[in-house]
Amino acid sequence: WSTIEQEKLRNSLWTLSSQINAEISQKEVEELESLFSASPRPSAKTAVASKRGKGGGTNKRTFIESKRANNLAISLAQYRAFRNFDDLVTAVASLDESNLNAESINNMTSLLPTTAELNHIKQLNSQVDGLGRAELFFHAVAKMKLFKEKLFSFRYLLQFEDQMETLKANLLTLERACIEVTTSTNLKFLCKKLLNIGNLMNETNATGITLDSLIKIAKKKGRDGKFSVIDHLISTADNCNTMSFKHDMPTLRDCARLDLDEIKLSLRELESGLKSINSTIDAEQSLTPSPEGRPKHSIDFLSRITPFQQRAADELKTMNDLIARVTSKVEELQRFFAEERSSTSASIFESLVEFSSIVETSKEAYHRKQRALRRRDSKQRPRTANM
């Protein structure tokens, strides 16, 4: 029995006849076995059970859907630094970063077995012969108590500093932007000017208008359908730079993507994660109440996660204090524009970005026009002198 190499099969009988149904029925299988096999084979169902029981062949003792098993095997290749999956699982349970990092730990959370898969693998006990890579990984996971909880604790530990730094940077940016907006003299002048123009146009005597109304007045076109109110202010100002507040607010655009409520939600998620770690610590300690009887991976886990938990709790408290401070600044920003508390800081900054863009576009157009006039004048002067 000799097989043909794959590259030789192209345009051969075997590929050209691929659409022909030549499957062998179960009845034919039984007849062939009775005629040609040395000893009768078991039925199809018994054969499958036998394969799984003995552990031979690529499909033996497989209970994971083939596509999932293949995807898991490919993903598990990133942990090739470990001799076997038992070593990998032990490293996770020990919070050992020697061959693991935040990315590889985060990836592992998507490779965990389902409850059904875990229950199935537990029934195998120590019979691992013939298991595929995915099953071997599941088997190692099943043997480690609280593995899922320790894995998520490890991920939390590795990501905590970066997440806290991001939260702090966003909060400080948000606070700085609030101060820049509320202390901008140019913005206050421009808003007051637009309010007065709006009162004149609408024959009202309003003492304040919304930020959206300010933008609408600034964009309002004249009879020609081109020249806007902001164009008028820019062109008639003694110094058009007094109408620009862009340079007063260097962090404005950064804050258009920041929302205080989302930052608070991120902090609550971190606090919830830390509570889960506290529960995992308690559960790990209860597995072996006496420290002397704990396995090494348990000792390593507790010796690292316990001081981290205490430090993380202190840092979260400090972050809550910073959030309270920034919340006060955001409320001050809302009051500055007489906006409802339901108006988010992000929506206010988005409006200000639009407002600033309108002003800068008008200012650039004014400068282009002035440069064109100067070029025209410079060309006319020599001609006038010659006359």
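Here is a short chat about how the labels on this predicted model were earned.

Reader: What should I know about the numbering and the model before we start?

Author: Residues are counted from 1 along each chain as its sequence is written, and this is a predicted model where local features need pLDDT of at least 70, side-chain atom pairs need pLDDT 80 or more, and totals for chains, interfaces and linings use all residues. Side-chain values use heavy atoms, with hydrogens and water left out.

Reader: What makes E97 and R304 a salt bridge?

Author: A salt bridge is a side-chain nitrogen of Lys or Arg within 4 Å of a carboxyl oxygen of Asp or Glu. For E97 and R304 the N to O distance is 2.3 Å, so the pair passes that test. There are 14 salt bridges in the structure.

Reader: Why do we say that the E97 and R304 pair ties parts together?

Author: E97 sits in the loop between helix 5 (85-93) and helix 6 (102-108), while R304 belongs to helix 15 (residues 296-336), so the pair bridges parts 207 residues apart in sequence. Helices here are DSSP runs (H or I, at least four residues), numbered from the N terminus.

Reader: Why is E97 called partly exposed?

Author: Buried means under 20% relative accessible area, exposed means over 50%, and partly exposed is in between (1.4 Å probe, protein chains only). E97 comes out at 36%, so partly exposed is the right label. R304, at 29%, gets that label too.

Reader: How do you know that K150 and E284 pair up, and are they buried or exposed?

Author: Their N to O distance is 3.0 Å, and they meet in a salt bridge. K150 is in helix 9 (residues 147-182) and E284 in helix 14 (residues 260-287), so this pair ties together parts 134 residues apart in sequence. Both K150 and E284 are buried.

Reader: What about R311, which residue does it pair with?

Author: R311 bonds with E161 in a salt bridge, with the closest N and O atoms 2.5 Å apart. R311 is in helix 15 and E161 in helix 9, 150 residues apart. Shared partners also join E161, R311 and E315 into one network.

Reader: Why is the disulfide count 0?

Author: A disulfide is a pair of cysteine sulfur atoms within 2.5 Å. Take C178: its closest cysteine sulfur, in C255, is 6.8 Å away, so that is too far for a bond. C178 is also buried, at 1% relative accessibility.

How values were computed
Helices (H or I, at least four residues) and strands (E, at least two) are DSSP runs, numbered from the N terminus.
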